[in-house]
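Biologist: I'm new to reading protein models and would like a close look at one part of this one. Could you walk me through it slowly?

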Amino acid sequence: MPEVGKERGAFVRLDPSGFQIRHPPPPHELDTVITPDEKLFQTVHMGAAVVDHAHYQLVIGGLVERPVAVTLEELKRLPQTTITAFHECYGSPLEPPIEACWRVGNVRWTGVRVSHLLTTAGLMVTTENSFLWSERLDRGTFAGIEADRYQKDLPMYKALDSEVLVAYAMNGEPLTKERGGPVRLVVPGFFGTNSTKWLCRLSVQTKRAQGPYTTTFYNERVSSDMGRPRVRPVWHVEVNSIITRPRPDELVTNPDVKVQGWAWSYDGVENVEVSADDGRTWTGTFVEKRSEYSWQNFEAKLTGLRPGKYRVLARATSICGEQQPLSGHRNHVHHVNFEVSHCD
């Protein structure tokens, strides 16, 4: 039986402390399938935890038969899995979700399946009405609210999916402190806030976690079927897309313009359309089939454009039929202005 709270002894300090954010480059610079570390956004709420690797341990507890504490070296000796997945930030939990921020990338995570760890510990509950709580080693204040730990939860049906990892590497390199190293949770298809950095504890419970990052922050008000507002947790990623070509304000010397970009969604993207007349007409695109949880490339050609200035929009539709709104929400369509000038 792990000693209560011992896992938190691996915390050394926050460096730096307080909220930090590193924005990604503009969408047209996210033009490779795998996003390198230097182009991937970073968000830290209370401070970046410095962790003593020699004293690190991950505790798996709650409703399991055999609670266990796993060291970093023991974790790395367990069966290893690598998953390619898009990674998207929801945006500020302090503002209404009406502005798009396009904080997204696509990376390779390596680690151990959460399902393997829970099975080894003897999971005692079914997926119905149960949750996996995750805790990390940072502590401090965000938006005036103090917390002794960052705590999140997942519905158990998602936690047991084969792509959900306790990860210790990204793009083939050990996780840095800024990426949540030495160990973080990775939940492909869910917003990044659920991929708990500096992970120190997983706990199986029959109710949702009650910390501020599940009760105060990262909830969205939506309308129910009866028209009444309700609150839903920020879990599943909504369908979204970005245009990488043409570049903003690019001068194209050809009446046929190639449009390229990335599209992604929790359930995968069925199709993407582009428009060069503010949405009056739409042109279909070729959409790459999804591999694992990777974002999907799309390509189209706008033909016979006359000389002049244009604005191209891209609108994705998910497999379940969800479509990007044209405006007014965090996943509204991306657009790029460009100019066509025919050469003689």
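Biologist: Where is the place of Pro246?

Modeller: Keep in mind as we go that this is a predicted model. Pro246 sits in the loop that links strand 19 (240-245) with strand 20. Have a look at the bond leading into that proline: the peptide bond from Arg245 to Pro246 is cis, and its omega is near 0°.

Now slide along the chain. Strand 20 covers 250-252, strand 21 covers 257-264, and Thr253 is in the loop between them. Is Thr253 tucked away or out in the open? Its relative accessibility is 46%, and a residue is called buried under 20% and exposed over 50%, so Thr253 counts as partly exposed. Here's a nice bit of folding to find on screen: Thr253 and His342 are 89 residues apart in sequence, yet their C-alpha atoms are 4.9 Å apart in space.

Val252 belongs to a nonpolar core of 21 residues, whose members also include Leu305, Phe338 and Val340. That core lies apart from the largest one, which has 75 residues. In the 75-residue core, Trp109, Val166 and Leu185 touch the most other members. The element that gives the most to this core is strand 13 (residues 165-170), with six residues. Try clicking on Val166 and seeing what surrounds it. Leaving out residues up to four places away in sequence, Val166 touches Leu58, Leu75, Gly111, Val112, Val114, Leu117, Val183, Arg184, Leu185, Leu199 and Leu202.

Back to the backbone, since you started with a proline. There is another cis peptide bond to look at, from Asp15 to Pro16, with omega near -5°. Pro246 is in a loop, whereas Pro16 is in a strand, namely strand 1 (residues 11-17).

Two other spots are worth a click for their phi angles. Trp102 isn't a glycine, but its phi is positive, near 50°. You'll find Trp102 in the loop between strand 7 (81-88) and strand 8 (104-113). Although it is in a loop, Trp102 counts as buried because its relative accessibility is 17%. Asp278 has a positive phi too, about 60°, and is not a glycine either. Asp278 is in the loop between strand 22 (269-275) and strand 23 (283-284). With a relative accessible area of 46%, Asp278 is partly exposed.

Now zoom out to see where these pieces belong. The protein has four helices and 27 strands. Of the contacts with a separation of 6 or more, 73% join residues 24 or more positions apart. Of its 344 residues, 53% count as buried. As for overall dimensions, the C-alpha atoms fill a box of roughly 75 × 50 × 40 Å along the principal axes. A compact globule with 344 residues would have a radius of gyration near 20 Å, and the 22 Å of this protein agrees with that.

Last stop, the outside. The protein exposes about 15,500 Å², and carbon and sulfur atoms supply 49% of that area. As for charge, there are 39 positive and 41 negative side chains, and the centres of the two sets lie 2 Å apart.

Note on methods
Residues numbered from 1 in each chain as written. Predicted model: local features only at pLDDT ≥ 70, side-chain atom pairs only at ≥ 80, totals over all residues. Heavy atoms only, no water. Core = buried A, V, L, I, M, F, W, Y, C linked by side-chain atoms within 4.5 Å. Buried < 20%, exposed > 50% of the residue type's maximum accessible area, 1.4 Å probe, protein only. Helix = DSSP H or I, 4+ residues; strand = E, 2+ residues; numbered from the N terminus. Contact = heavy atoms within 4.5 Å. Rg over C-alpha atoms; globule rule 2.2 N^0.38 Å. Areas by Shrake-Rupley, 256 points an atom, 1.4 Å probe, with all protein chains shown as cover. Lys, Arg positive; Asp, Glu negative; His and termini not counted. Charge placed at Lys NZ, Arg CZ, Asp CG, Glu CD.
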